[in-house]
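Student: I would like to learn how to read the place where two chains meet. Could you walk me through it?

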Amino acid sequence: MMDNWARVWTPANLERLLVGDLFSRGQMGGLLLTLCIGFLAIAGSTLIGAVVGIMRASPRKALNIPAMLYVQGFRNVPLLILVFWAYFLPPAFGIQTSKFLSVLVALTLFTGAYIAEIVQGGIRSVAPSNLEAARALGLGQRQIHLWVVLPQAFFNMLPALAGRYVVSMKNTSLAFLIGLMDLTEIGKQIGARLMTAPVEVYLTLLIMYFVVNRGLTMCVRLLENRQYFNRLFLRI
Amino acid sequence: MNSDFSVLLGEPGRLILVGLVETLKLAACSLVLAIAIGTVVGTVRWIGWRLTEPFCWLYIEFARNTPPVVQILFWYFSASFVLPTPMFMALRDFGYELGAAILALALYHGAFFAEVIRAGLNSVPKGQFEAARALGLRFPQALGKVAFPQAIRVLVPPLVNEATALIKNTSLAMAIGVGEMTFQYRAIDNFLFRGLEALTAITVIYMLLCLIAVGVGRLINRALSRHIRARHPGRAVLPAGSIIQ
């Protein structure tokens, strides 16, 4: 049993799991690639989600309906199908694409739809009495949205956002299904090479993903403490 | 790009239908199993026995923080090492890809269901359960007749969300070669060269499956909140987001 662990946790294997063939062949892979896709997708989808979520919360039909179509269209399809679309559709129109880019685009658009729903829910969760109070104090419409609704909505949606970020970090593992050298693929290769220690190999993978995702949750949870947030970003 | 959707009436269409049946089998089995796991674990966590708490925490955190694909691969490839040999041999002849996928998806989504159900039970005031106990109902009776009926109405929307997530995650079972829809699409793309048509078809089918799940959830929700509308006949069921202008 311990013997198997020793065969999985060799320095060479660990290096491949962490950075892929970065040093030997110059190709990034492993945990580093997973984190790369994950954080880029998180950043992109937060941007998309913020814009679409605000559109979704607006009363204007011209903004509301396209946002709704986007959200419903991307939320009701498996991410794997979106990855295949992003990988096989552009070449049909003569556009060059790469595996990395197609996974990134699919993951960003998919998570963006979910984050839009979260943002919309956060905006709706601000109590109407707040708006009335702000209007009574003489704030304009734009000031109300910027200084009253959005800050409260932000803190209200942090727990849901943390959950979604973890899901999108987990979903980067789909990259291996179109042959990208991410953590899962490298683990699978190591498992296939050793042949006799699948339990240990996959447990190693699970533990690595677990540490990353737990860390991500904890980071977002730090922001939920408003005093800490203010000190960190607003210097007050 | 020349696509011809009439090919879907022939061999590709047949393959997709075969895959659809497999997808439905996978989704139904793992949904039932996941709800069962979620109910048990969620209730146990809600009760909060000190003895079971660490195990439940470990299970839920591990299942929720690791990718479903890796969990599917784990259960599939380590089956021969975890199970006793004769049992594994019997399973291997039968083909255990579907079983491994069902188990992995049920465990993965069971953890989410457990959290949802615990939150739902928490939303029922504690006094309700205590009053039921004080009136002489046994523990299971108080749970089944007082706590759950009140929790279930709050529970339906998040449960439907999870159910659609489960339906979508069945597509991951292709990683271990379960012949469900996404797997059939890969086969059609590789051997019949009708990738885009097949991809369009299965995208539409997945969308329909998710929308059907949402619709069923809405029907259940309406049935469960009938007594509320009966009590306040003037009030419609709140449309989502009627608060802000």
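Student: What is the count of salt bridges between chain A and chain B?

Tutor: Good place to start! Keep in mind that this is a predicted model. To find a salt bridge, look for a side-chain nitrogen of Lys or Arg within 4 Å of a carboxyl oxygen of Asp or Glu. Between chain A and chain B the count is 1 salt bridge. Its partners are Arg214(A) and Glu61(B), whose closest N and O atoms lie 2.3 Å apart.

Student: Which element gives the most residues to the side of chain A that touches chain B?

Tutor: That is α10(A), with 12 residues. Other elements give two or more residues as well, among them α4 (61-75), α6 (99-124) and α8 (141-171) of chain A. Sorted by kind, this side of chain A has 31 nonpolar, 7 polar and 6 charged residues.

Student: How many residues does the contact take from each chain?

Tutor: It takes 44 from chain A and 43 from chain B. Together the two chains bury about 3900 Å², and 75% of that is on carbon and sulfur atoms. Polar contacts are there too: 7 residue pairs across the interface.

Student: Now for cavities. Which residues line the largest cavity?

Tutor: The structure holds 1 cavity of 30 Å³ or more, and the volume of the largest cavity is about 30 Å³. Its lining includes Val8(A), Asn13(A), Leu17(A) and Ile190(A). Here α10(A) gives the most, with 3 residues. The lining divides into 5 nonpolar residues, 3 polar ones and no charged ones.

Definitions and conventions
Residues are numbered from 1 along each chain as its sequence is written. Chains are lettered from A and ligands numbered from 1 in the order in which they are written. This is a predicted model: local features need pLDDT of at least 70, side-chain atom pairs count only at pLDDT 80 or more; totals for chains, interfaces and linings use all residues. Side-chain values use heavy atoms; hydrogens and water are left out. On a 1 Å grid over the protein atoms alone, a cavity is a set of points where a 1.4 Å probe fits but cannot get out, and a pocket is an open set with protein on both sides within 12 Å along at least five of seven lines; lining residues have an atom within 4 Å of a point. Grid points are joined across faces, edges and corners, and a volume is the space filled by probe spheres set on the points. Helices (H or I, at least four residues) and strands (E, at least two) are DSSP runs, numbered from the N terminus. Ala, Val, Leu, Ile, Met, Phe, Trp, Tyr, Cys and Pro count as nonpolar, Asp, Glu, Lys and Arg as charged, and the others, Gly among them, as polar. Contact means heavy atoms within 4.5 Å. Buried area is the accessible area (1.4 Å probe) that two parts lose on being put together, summed over both. A polar contact is a pair of N or O atoms within 3.5 Å; within protein, one must be able to donate a hydrogen and the other to accept it, and residues adjacent in sequence count only if both atoms are side-chain atoms.
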